[in-house]
Amino acid sequence: MARIQRTETPHTTWCARDHRCGVAEHRSADLTADEIGGRAWLTRVRAGDVEYIEIRARIPLHSNENVARRQLSTALNLMRELLALVAPGLARLPGRDQRRAIGRPAA
């Protein structure tokens with residue numbers, strides 16, 4: 001049986017230094033934004049030699065299906081804008097705009 005060998009990465013000054021950290025990944029404690037009608041969590045992550053921000057959100061949807069779909073569409077569009085501002089190099093990766101979702105035709 002083959003074993004996966006990973007180089008252990010040292011703890012950072014910002015990592016939580018608890019169960020959130022793995023052998024090759026370190027995670028900060030969550031930063032929470034609430035009292036805004038929903039809740040969002042930001043986590044700083046280092047995987048190998050690359051650092052990321054992980055964003056999670058819980059936003060209540062309207063009970064009306066059409067309004068809920070509009071909320072989802074708005075959230076997706078705002079996330080695209082956020083990515084364009086925070087990670088501007090992401091949009092310029094070669095072939096990025098040519099990828100399609102699995103099982104879906106190109107838009």
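**Exercise 1. Find out which residues serine 28 touches once residues up to four places away in sequence are set aside, and decide whether serine 28 is buried or exposed.**

Solution. Keep in mind that you're looking at a predicted model.

Step 1: Look around serine 28 and skip residues up to four places away in sequence; what's left is Trp14, Cys15, Ala16, Arg20, Thr43 and Arg44.

Step 2: Place the residue. Serine 28 sits in the loop that runs between strand E1 (25-27) and strand E2 (31-33).

Step 3: Check the accessibility. Serine 28 has a relative accessibility of 9%, and buried means under 20%. So serine 28 counts as buried.

**Exercise 2. Do the same for alanine 29: where is alanine 29, and is alanine 29 buried or partly exposed?**

Solution.

Step 1: Alanine 29 also belongs to the loop between E1 and E2.

Step 2: Its relative accessibility is 39%. The partly exposed class lies between 20% and 50%, so alanine 29 counts as partly exposed.

Step 3: Now the contacts. With neighbours within four places in sequence left aside, alanine 29 is in contact with Ala16, Arg20 and Leu42.

Step 4: Pick alanine 16 and check the backbone. The C-alpha atoms of alanine 29 and alanine 16 are 5.3 Å apart, although 13 residues separate the two along the chain.

**Exercise 3. Work out the order of helices and strands along the protein chain.**

Solution.

Step 1: Count the elements. The protein chain has one helix and four strands.

Step 2: Walk along the sequence and you get β-β-β-β-α.

**Exercise 4. Work out how E3 pairs with E1, with E2 and with E4.**

Solution.

Step 1: Start with E1. This strand pairs with E3 in the antiparallel sense, over three bridges. Here histidine 26 stands opposite arginine 46 in E3.

Step 2: Go on to E2. E2 and E3 are antiparallel as well, with three bridges, and threonine 32 has tryptophan 41 in E3 as its bridge partner. The two strands form a hairpin with five residues between them. In that turn, glutamate 35 has a positive phi of about 60 degrees.

Step 3: Finish with E4. Nine bridges join strand E3 (residues 39-47) to strand E4 (residues 50-58), and the two run antiparallel. Among the bridge partners, alanine 40 goes with alanine 57, and alanine 47 goes with valine 50. This hairpin has two residues between its strands, and glycine 48 takes a positive phi near 70 degrees.

**Exercise 5. Describe two strand residues, glutamate 25 and valine 45: which is buried and which is partly exposed?**

Solution.

Step 1: Glutamate 25 is in strand E1. Its relative accessible area is 31%, so glutamate 25 is partly exposed.

Step 2: See what its side chain does. The side chain of glutamate 25 makes a polar contact of 3.3 Å with the side chain of arginine 27.

Step 3: Turn to valine 45, which lies in strand E3. Its relative accessibility is 5%, so valine 45 counts as buried.

Step 4: List the surroundings. Not counting residues up to four places away in sequence, valine 45 touches Trp14, Glu25, His26, Arg27, Val50, Glu51, Tyr52 and Glu54.

Step 5: Add one backbone distance. Valine 45 and cysteine 15 are 30 residues apart along the chain, and their C-alpha atoms are separated by 8.1 Å.

**Exercise 6. Compare the span of H1 with the expected span, and find which residue caps its N-terminal end.**

Solution.

Step 1: H1 has 22 residues, and from first C-alpha to last it reaches 31 Å.

Step 2: At 1.5 Å a residue you'd expect 32 Å, so the helix comes close to that.

Step 3: The cap is asparagine 64, with a side-chain oxygen 2.9 Å from the backbone nitrogen of asparagine 66.

**Exercise 7. Sum up burial, surface and confidence for the protein chain.**

Solution.

Step 1: Burial. Of its 107 residues, 11% count as buried.

Step 2: Surface. The accessible surface is about 9,400 Å², and 54% of that belongs to carbon and sulfur atoms.

Step 3: Confidence. The average pLDDT is 80, and 74% of the residues score at least 70.

Technical notes:
Residues are numbered from 1 along each chain as its sequence is written. Side-chain values use heavy atoms; hydrogens and water are left out. Buried means under 20% relative accessible area, exposed over 50%, partly exposed in between (1.4 Å probe, protein chains only). Contact means heavy atoms within 4.5 Å. Accessible areas come from the Shrake-Rupley method with a 1.4 Å probe; for residues, only the protein chains shown count as cover. pLDDT is the predictor's confidence in each residue, from 0 to 100. Two strands pair if DSSP finds at least two bridges between them. A polar contact is a pair of N or O atoms within 3.5 Å; within protein, one must be able to donate a hydrogen and the other to accept it, and residues adjacent in sequence count only if both atoms are side-chain atoms.
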